[in-house]
Amino acid sequence: MRPILLAGHERALTQIKYNPDGDLIFSVSKDQQICVWFAHNGERLGTYRGHQGAIWTIDVDPTSTILASGSADNTIRLWDIKTGKCLKTWDFPTAVKRVEFNEDGTKLLGVTEKRMGHLGTIVVLDIEIDVEAEQSDEKVMTIVCDESKATVAGWSYLSKYIIAGHEDGSVSQYDGKTGDLLYNIPIHELNQPITDLQWSQDRTYFITASKDKTSKLISAKDLEVLKSYTADTPLNSAAITPKKDFVILGGGQAAMDVTTTAARQGKFEARFYHKIFEDEIGRVRGHFGPLNTVAADPTGKGYASGGEDGYVRVHAFDKGYYDFLYEVERERQNRLAAASA
Amino acid sequence: MAPSFDHLRDEDLDEEDFDMDEVDISDLREKYEVQLEQGYDTFVVVDGLPEVNADQKPKLVKFLLKKLNSVGRVSEDSVYMPMGDNGLSLRFAFVEYSSPAEAAAAVRQLDFTPLDKKHTLRVNKMTDVDRYGREGRIEEEYTAPKIEEFQEKEHLRSFMADPSERGRDQFVMFRGETVGVFWNNEKDQPENIVDRQQWTETFVQWSPQGTYLTSVHAQGVLLWGGASWARLRRFPHPFVNLVAFSPNEKYMVTWSNRPISIPDSGHPALSLDDDGKNYVIWDLETSKPLRSFAQQDTPATGDDPAKKPAKFPWPAFKWSADDKYVARLNQGTSISVYELPKMNLMDKTAIKIEGVMDFEWAPATPRRDGVKTYEQLFCFWTPEIGSNPARVGLMSIPSKQIVRSLNLFSVSDVKLHWQSDSAYICVKVDRHSKSKKSQATTLEIFRVKEKGVPVEVVDTIKDTVINFAWEPKGDRFVIITTPEPVGAVAVAPKTSVAFFCPEKAKGNAIGNFKHLRTLDKKNSNAIYWSPKGRFVVVAAIANTQSSDLDFFDVDFEGEKPEGEKDLTANLQLMNTSEHYGMTDIEWDPSGRYVATWASSWKHAMENGYHLYDFRGELLREEAIEKFKQWSWRPRPATLLTKEEQKQIRKNLREYSRVFEQEDADRISSADVAVVEARRRLLLEWVTWRESMEEELVEDRAALGLPEDPVAELLRQKTAAITPAAGEEQEEQVVEEIMEEVLEESEEIVN
């Protein structure tokens, strides 16, 4: 099926998020605007204005009430999704590269950049999911990354751990309550930064993407690498698809090298891999710049990708996608069906 | 505790008492003693002279001077012949040359030369006499050198026996800093045999029959082989750049653009004679150098000073098909033919051919009609000089007879193309019109095997011929032409690919060469025939615009076009393919597979390789970072006789049935293994997920959290936006109409 092209941004996309119901798509880009779109037809619902710098990251709470965004203007802002009103602004010494709500939306973490003598940190804020409520100014917790700065981070199941991916290719597990470092394991090639970290639906495992051209599926509990997916290009983003056992990887030649290479050279394709067997299943073309972010619809009906070219492409899966099964998967499905009958 | 001034013992200060004589420094003295120049380097000692008295002495000296002056400058004064007490000479003389180099030359060239019938000169360096002649320097008693016990070496051709009994071919891959040798497994991952980091510094190369793998280092060339990939030979040519083997792997020539400089401390293999040389010819069996040569400056092409002379002609030394001769072109004057293994110039003189521009040896020992004696042939050409026409000649070695020559006019360039059996040589002649404005090319084919070597002119081609290739062991050829000369244009011009083959003729004769077909508007620039003939790949390589591959069969077994009934070929395009950015193509030695690769030596885009079968079916592609080189391991010539080969061809059907069965079995067993592995993976995943989910539920229960963390939140939110309980909420129906124009067409209705 033909994808819906969302041409609302003027500069490179940085992150895309679906809300939990999969009916809204939030996208942020370097053009200082947050856009929200209807997932089913690509109509723009509105924009959230206020940031004074490139916006790096966005997240939406589990009830689709409030929105958090982090920007190069050194702030995290909280927005009322419905009205577009800015509810709260937290200031930081450096740019904010990643924000994420925990599973019940009571906490928000932010990853701040290492710059101008400030070390990279992961901060945690208490949130009340209520547009009327007064949000607390205080940072509940600050984790300082003195070894290698964190590039991405997220909350595990039960908000038990904070998992961070670092610039040096390692992954850390911090205690979600105390902020103590529990493990730091070199997962990706040394000094190849981790560019994305996205969760499975129950947040028990996650996927990382790295400039080392690989993506890894990792268990949140013990940081065990469950699966590894190898691509032929530096990766910027990776997502796990619900319902079907696939992962989507996006990347391409670094933006600065793009003008020097032909379009076919850039490998600007979304790649689908089988989550369990690690085989590449297919590719989706369309972007004419590297893919900076991919997001899977939580209801499993489609995915969206955002590129350096400034476009968001929203794809709905067709029948072939749902029918695709490996022989051994079909075998197991048939066996289960027979057992339940 | 560290010693400080306060508690230094008295003894520590007593340096005055130290006795220098007690220390034995003889070892140090020996090591560091300055070697004063001996000053005797220009002196030689001549032994083996006749015994003469004082009267006869001047006569002998005069006679001796004649000999001595052949290598350097010696006057009567510089010969000192001591006389004994009895008035007779002591049968030796000291001779002083004007330079050490002359003295060295005298030792080399005059030692063991006869003075007269009875006397043979022995010439030694004075310094050597001093060094070895002194008492105690050489042991008095002869001890026989220890002869190493014979040790069985590995079989160097063991690579011919594929352990899987599938007759697979090997290839070497050089990527990143690693060199690996692999078995070709068609579609599957190639099977690694050996993989080594930093195996070579610049490139790797197989010897022509596949026995050795050559690695190139700053110190020289190494040959590897056998089942263990041990180092077999060492050729220490410093800063070597290129290597070429003789066709039968008996000899090797190495070249470096830096002249060899032998350090004072000497060199393990090369001697002072090799100083300043660029080429070294080596014997492969003994790893000893046979002779070295300096590089010749090629004179700039006369009429066009802007055109730089080729940096260096390579291969400069060309081997005859049987390794008996190696020859070098002295551009414009002569060809030097050396006989192996002695490496002496044949008949002590180069073959003078005025104006000679290029030559090529016959690639196989030729068998001319009616010629019974042994011969090798080479073909050469000379341009027009004054009013003399340009000439292409065929010379027989060792007789140096010109067996055929052909005069040509208005020639601008000539290229010589031998067919692999030496049955034909095609001379591609680029001619210009009188005004030098238009160009045309003719192909003159010498039929070497036929009586009198008839020459056939095939065709006059208006366009520039940029490539030519004979079918190996066959008699068909392909040319690529282009309307404009390939110059400094950004976009390469379109090209045409033309096929030629002989007409059908009675009996065993080969008919006249005829044009078969031309394919226009191509981008191709390279021709690769299968080493077994019949199949040919025409491709556009190292081209940024296009990278097409066309696979042709010239003996297609289907219907033949009516117009080509009399020709001995049936051309069919089997397949086309594309490999973006490919820089090289190579057929495997069996003619079953074609490898194409994009080397990071040429560009950094999509480096890696593709593997095709002979029909052009893509079997495998792999993108490899910093992929540099691929090379199929050559095979030696078959040991089967013609009859045995014929027998096999006759029973091919039976053989292929067996092989097909084996292939099918292997594939199905591999499939079973893959399915098994997947089943295992799936089971592992499902088990892990189940245990994880269970744990999650338990954890939640332990923390007293609800099963779904957001269910309660969502319920609250729904309650908040629902106006009031009990009140009927009007359901809102949103209707959306989508309209899409599929096609628009206008029709004019009268």
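Reader: Why is the crossing of helix 3 of chain A with helix 7 of chain B called right-handed?

Author: Helix 3 of chain A passes helix 7 of chain B in a right-handed crossing, which means that the near helix is turned clockwise from the far one by less than a right angle, while anticlockwise would be left-handed. This is a predicted model, where local features need pLDDT of at least 70, side-chain atom pairs count only at pLDDT 80 or more, and totals for chains, interfaces and linings use all residues. Residues are numbered from 1 along each chain as its sequence is written, chains are lettered from A and ligands numbered from 1 in the order in which they are written, and side-chain values use heavy atoms, leaving out hydrogens and water.

Reader: What makes helix 3 of chain A oblique to helix 7 of chain B?

Author: The axes of helix 3 (residues 327-340) of chain A and helix 7 (residues 652-703) of chain B cross at roughly 55° and come within 9 Å. Axes are lines fitted to C-alpha atoms, for helices over the stretch in contact, with angles from 0 to 180 degrees between N-to-C directions. Under 35 degrees is roughly parallel, over 145 roughly antiparallel, 65 to 115 roughly perpendicular and the rest oblique, so this pair is oblique. Among the residues making the contact (heavy atoms within 4.5 Å) are Val328(A) and Arg332(A) on helix 3, and Leu682(B) and Val686(B) on helix 7.

Reader: How do you know that Ser64(A) is buried?

Author: Its relative accessible area is 15%; buried means under 20%, exposed over 50% and partly exposed in between (1.4 Å probe, protein chains only), so Ser64(A) counts as buried. This residue lies in the loop between strand 6 (55-60) and strand 7 (66-71) of chain A. Not counting residues up to four places away in sequence, Ser64(A) touches Asn19(A), Pro20(A), Asp21(A), Ile81(A) and Lys717(B).

Reader: What makes strand 29 and strand 30 of chain B a pair?

Author: Two strands pair if DSSP finds at least two bridges between them. Here 6 bridges join strand 29 (residues 464-470) to strand 30 (residues 477-482), and the strands run antiparallel. Asn467(B) stands opposite Ile480(B) in strand 30. The two strands form a hairpin with 6 residues between them, and Lys473(B) in the turn has a positive phi of about 60°.

Reader: Why are strand 37 and strand 40 of chain B called edge strands?

Author: In chain B, 4 strands form an open antiparallel sheet in the order 37-38-39-40. Strand 37 (584-587) and strand 40 (618-623) each pair on one side only.
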